[in-house]
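Please open the structure in your viewer and keep the sequence panel at hand, since each stop of this tour asks you to make a selection and then look at what surrounds it.

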Amino acid sequence: MVMQTDYPDPQGLLLAARDLKMPFSDTLKYCILGISITLLLLALGILAWQAFRCCTQTHATHSQQDNVNSDLLYSDEKSRTAGNYSGAPSTRVEEVNTEVHRLSRCLSQASLPMPESRLTDRQMGEQTIVKKVDGSLRFSIYYDQLQSQLVVTVLQVEGLQDHSQKHSLQPFVKLCLMWASSEEVDVESYTDEEGTGMPPVMWTVLQEWRTRIVKGSCNPLFGDQFSCILQEPEELHHINLRMEVRDFDKFSRNTVLGEVRVPLGQLNIAYPLELQEDLQIPQKVLVGEVLLSLKFLPTSQRLEVGLLKVRVRLTEMCSDTALQARISVQCNHCKLRYQKTSAVARCPVTVFNEVFMFSLPEFPLQQCKIMVSVFETHMTRKSTKHLIGQLTVGKEKNSEDKHWSLMMCSVRQPIAKWHGLLM
């Protein structure tokens, strides 16, 4: 049995749909239509304005970049041809490497930050030292034999010159009592700054003090007194007192204005002795050694820096103290992100055996500097880090260190070498 179903006629459906009416009035319908048209016109206007703005900025950026690159190329070409111009036209064939080097220089100079940011990075990495030294330091020294006590009093600094235009002078004096070891150190990377030709001497820091800060004075008065215990008077022949006059700056590193070094073994300090010495140009001293490993990977353009050992003399045995190092790399005046080692318990030869990878930029390396800073900290309690010393290895535009040369001669192979840790 077949069931038959009657479907409605399509024409009937169309007539029924035509007879349907919306439950809104004509006024409301026209209002909704007007609002829709207004929103559509507003959206089209915003789209046209954004397109016009994008086209204008793109054209301005491309024109400015072309002007910078053309100026750099023109200045480079002018500097090269100015010295070799002979008055007659001549043809010159440039090598491909020279052209690539010139183009990479243009790209690198256009992409590097401004010189102000470079100066800030350098100041954050190391102390600022002035080349011209003015002024003198007046102080007194006395060794009390009955109490085996050394007393140092900083009296006054006279004749300082304010060379800074950013802020007024805020001088203070940092004192460092150093003991010279009798053993000789063979460190090839350490050069004698005084030019005496004598082998370098390893110094050990016994005590460190600092005076209060005197603001806005070129002739500050201090009157601060410091003391320490020296059990054996014979130790005075191996002890030097180093006093650095510094300009305090809370936003950057302190500027070293000058220093005074006093060998205690050459003075008769059985009675209070008052001296006034002229400030000298600051010089670094050798306070330790670092075994550093370098490896260059040319394919991946990476530099592998390995900190193996640190040798620093101990003044007293303390199980709480530890050493920690920070390694930073500056390549083509662009400072990369620094990396830190873990804190290792301090001993005469502290073993780290840690390796760090740094990704170098693609363009040719004109300048690369590796700085290793060694700090003293505490393992059981939170305390501020104390800088022990720093070392720098790398290459400049016209010179390079021996360790860097050995690394570039044997790529993909680690090269280890001892370096002097300076303070």
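The tour goes from the whole chain to a surface patch, then to a sheet, and ends with salt bridges.

**Whole chain**

Begin with everything displayed, bearing in mind that this is a predicted model. Coloured by secondary structure, the chain shows five helices and 19 strands. If you colour by burial instead, 35% of the 423 residues count as buried. With the accessible surface switched on, the area comes to about 27,000 Å², and carbon and sulfur atoms account for 55% of that surface. How many of the contacts between residues at least 6 apart in sequence join residues at least 24 apart? The share is 70%, a figure to keep in mind when a later stop brings together distant parts of the chain.

**A nonpolar patch**

Next, select helix α2, which covers residues 26–82, and find Tyr30 within this helix. Is Tyr30 buried or exposed? Tyr30 counts as exposed because its relative accessibility is 62%, and the cut-off for that class is over 50%. Now add Leu33, Ile37, Leu40, Leu41 and Leu44 to the selection, and show the surface of these residues together with Tyr30: they make a nonpolar patch of about 660 Å².

**A four-stranded sheet**

Hide the patch and select the strands β6, β3, β2 and β9, which in that order form an open sheet with antiparallel pairing. Residues 221–229 make up β6 and residues 273–278 make up β9; these two strands stand at the edges, and each has a single partner strand, so one side of each is left without a neighbour in the sheet. Looking across the sheet, you will find neighbouring strands turned by 20 degrees against each other on average, with direction ignored.

Zoom in on β3, residues 149–158, whose antiparallel pairing with β6 runs over seven bridges. To see one particular bridge pair, label Val151 and then its partner in β6, Ser227.

**A salt bridge between two strands**

A search of the whole structure finds nine salt bridges, and one of them can be reached from the sheet. Show the side chains of Glu274 and Arg138, which meet in a salt bridge with an N to O distance of 3.0 Å. Where in the chain do Glu274 and Arg138 lie? Glu274 is in strand β9 and Arg138 is in strand β2 (residues 136–144), so the pair, with its partners 136 residues apart, links distant parts of the chain. Glu274 counts as partly exposed at 49% relative accessibility, and Arg138 also falls in the partly exposed class, at 21%.

**A network of charged side chains**

For the last stop, select Arg246 and Glu244, whose side chains meet in a salt bridge of 2.6 Å, N to O. Arg246 is buried, with a relative accessible area of 8%, and Glu244 is buried as well, with 7%.

Then add Glu259 and Arg261, which form a salt bridge of 3.0 Å, N to O. Glu259 counts as buried at 4% relative accessibility, whereas Arg261 is partly exposed, with a relative accessible area of 31%. Finally, include Arg242 in the selection: salt bridges that share partners join Arg242, Glu244, Arg246, Glu259 and Arg261 into one network.

Key: Residues are numbered from 1 along each chain as its sequence is written. This is a predicted model: local features need pLDDT of at least 70, side-chain atom pairs count only at pLDDT 80 or more; totals for chains, interfaces and linings use all residues. Side-chain values use heavy atoms; hydrogens and water are left out. Patches are made of residues with over 30% relative accessible area and no salt bridge: like charges are joined within 9 Å, nonpolar side chains (Val, Leu, Ile, Met, Phe, Trp, Tyr) within 5 Å. Accessible areas come from the Shrake-Rupley method with a 1.4 Å probe; for residues, only the protein chains shown count as cover. A salt bridge is a side-chain nitrogen of Lys or Arg within 4 Å of a carboxyl oxygen of Asp or Glu. Buried means under 20% relative accessible area, exposed over 50%, partly exposed in between (1.4 Å probe, protein chains only). Contact means heavy atoms within 4.5 Å. Two strands pair if DSSP finds at least two bridges between them. Axes are lines fitted to C-alpha atoms, for helices over the stretch in contact, and angles run from 0 to 180 degrees between N-to-C directions.
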